[in-house]
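Q: Please take a close look at a single part of this model, with enough background on the whole chain to place that part.

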Amino acid sequence: MSQIRGKAVSGLARLSRSGSSPAQWLNAAAHGIRHYSAAAASGAPLPLEGYRVLDMTRVLAGPYCTQILGDLGAEVIKIEHPTRGDDTRAWGPPYAKYKPESGREGPGESAYFLGANRNKKSLGLSFQHQGGVDILHKLAAKCDILVENYLPGTLKKYSMDYESLRKINPGLIYASITGYGQTGPYSNRAGYDVMVEAEFGLMHITGSRDGPPVKVGVAVTDLTTGLYTSNSIMAALLSRARTGKGQHIDVALSDCQTATLANIASSALISGKKDSGRWGTAHPSIVPYRAFKTKDGDILIGGGNDRLFGVLCDGIGKPHWKDDAKFKTNADRVAHRNELEAEIEAITQQRTTQEWLEVFEGSGMPYAAINDVQGTLNHSHTKARDMVIEIDHEYCGPIKMVNTPVKYSETQPIVRTPPPVLGQHTDEILSEHLGLSESDIAALKDQGVVR
């Protein structure tokens with residue numbers, strides 16, 4: 001069983017015994033963070049504090065999952081190839097450049113890697129060497145959770161598969177993230193987000209009405225898979241608390257993509273008919289519900305029911321539409337979609353987006369400007385919700401990052417440590433967790449086992 005389970009002690013409690021104040025503990029935990037939610041000031045232990053994660057993932061779905069676990073307080077040990085590391089370390093530009101005095105060469109740390117690997121420790125390790133496999137086995141015995149995203153069967157030859165590791169650690173929660181799962185005709189096929197978007201329906205329903213299918217602007221299937229996996233891991237931890245047993249969690253991008261077709265899939269299943277295809281920003285069964293051009297951009301309007309449609313009519317100066325037989329109910333509006341949408345857009349183009357935002361402010365009708373990413377990151381609401389933070393990276397200096405999104409009243413997650421450079425914590429992990437001496441570690445480095 002994991003040596004950690006049931007023995008979680010908050011950092012506050014540990015440091016209190018050594019005479020440190022809560023303020024000193026928070027300062028140490030933050031590791032240079034410039035600001036964080038005031039809810040963290042209680043010093044209460046984070047939800048997953050005391051749990052340890054062996055992270056054998058790379059790219060996005062797996063790292064996003066383990067970053068969530070790290071944000072919630074788990075100690076995450078990220079296993080990386082000793083020379084090239086996570087694939088995304090090379091996915092740039094842009095890069096956060098190294099400080100001249102850092103002593104490091106190269107373009108810097110890639111923005112892609114920085115976006116999915118905070119609150120982790122990096123161990124550069126090759127399990128092509130038996131010594132590397134031995135280290136992984138010893139770490140697995142001391143971890144609560146292992147997350148991996150290799151093709152099914154790949155880790156069995158290193159005895160790092162679930163059946164092998166459960167003999168070492170019966171309480172281990174072992175999560176496997178793959179493109180198509182551990183079973184099925186595609187199980188041995190490599191799966192990337194865009195391929196899964198294409199084959200499992202999302203790309204077909206994304207894009208303008210008369211345009212070609214397009215991928216979503218962010219790797220949303222990877223992200224939803226990471227979210228499903230982190231959620232499933234926490235459920236498995238609750239189960240283990242009752243039974244004492246770990247389990248294997250099989251998560252596939254294809255399954256998660258199918259599940260997140262949500263109401264579109266439900267409609268196809270219930271009707272037995274082909275889906276209605278791409279709708280751009282519009283909705284297949286609600287009108288008006290789409291983006292409309294303005295004098296200088298676009299505004300998204302959601303008249304989701306008859307009352308909200310009435311609010312829109314008043315706002316655009318067409319109150320008589322509320323009693324027009326062609327527009328009176330949503331079914332009427334759907335039947336006369338093209339006519340109504342053209343009428344609305346002829347009006348919205350007469351004012352700027354900001355002017356329309358002011359018209360609808362406080363009306364209760366859903367509406368929004370369509371902002372680019374910089375507009376989002378600099379949005380007043382983004383700032384008010386503390387969604388962009390700045391932290392000090394040891395080798396790159398101050399860097400800005402998107403914050404963890406969920407707010408807790410008592411135990412607010414914070415960015416305790418910036419994303420690590422490759423092998424930054426190798427010595428620390430091997431000495432603290434496995435008891436290896438400096439000479440032992442030096443010998444492993446000479447052999448190319450670790451970095």
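A: Contact here means that heavy atoms lie within 4.5 Å. On that basis, among the contacts in the chain with a separation of 6 or more, 70% join residues 24 or more positions apart. The model is predicted, and everything below is computed from it.

Some background on the chain comes before the part itself. The chain has 451 residues, of which 45% count as buried. Its secondary structure consists of 18 helices and 13 strands. The C-alpha trace spans about 85 × 55 × 45 Å along its principal axes. The exposed area of the chain is about 22,100 Å², with 53% of it supplied by carbon and sulfur atoms. There are 49 positive and 49 negative charges, and the mean positions of the two sets are 3 Å apart.

The part chosen is strand E2, which covers residues 75–80. How many of its residues are buried? The count is 6 of 6, and the strand is mostly covered. This holds for both faces. One side carries Glu75, Ile77 and Ile79, and the other carries Val76, Lys78 and Glu80; all of these are buried. The buried set therefore includes Glu75, Lys78 and Glu80, given that buried means under 20% relative accessible area.

Next, the partners of E2. Strand E1 (residues 52–56) pairs with E2 in the parallel sense, over 4 bridges. Within this pairing, Val53 has Val76 of E2 as its bridge partner. The connection involves helix H3 (residues 61–71): E1, H3 and E2 make a right-handed β-α-β unit. E2 also pairs with strand E5 (residues 121–124), again in the parallel sense and over 4 bridges. There, Ile79 stands opposite Leu123 of E5. E2 thus has parallel pairings with E1 and with E5.

A residue from another strand can be read in a similar way. Ile301 lies in strand E10 (residues 298–302). Is Ile301 buried or exposed? Ile301 counts as buried because its relative accessibility is 2%, and the cut-off for buried is under 20%. Apart from neighbours within four places in sequence, the residues in contact with Ile301 are Pro288, Tyr289, Arg290, Phe292, Leu312, Thr348, Phe360, Met365 and Pro366. Ala291 is 10 residues from Ile301 in sequence, and their C-alpha atoms are 6.2 Å apart.

Technical notes: Residues numbered from 1 in each chain as written. Predicted model: local features only at pLDDT ≥ 70, side-chain atom pairs only at ≥ 80, totals over all residues. Heavy atoms only, no water. Helix = DSSP H or I, 4+ residues; strand = E, 2+ residues; numbered from the N terminus. Buried < 20%, exposed > 50% of the residue type's maximum accessible area, 1.4 Å probe, protein only. Areas by Shrake-Rupley, 256 points an atom, 1.4 Å probe, with all protein chains shown as cover. Lys, Arg positive; Asp, Glu negative; His and termini not counted. Charge placed at Lys NZ, Arg CZ, Asp CG, Glu CD. Pairing = 2+ DSSP bridges. Right-handed = clockwise from strand over helix to strand, strands pointing away.
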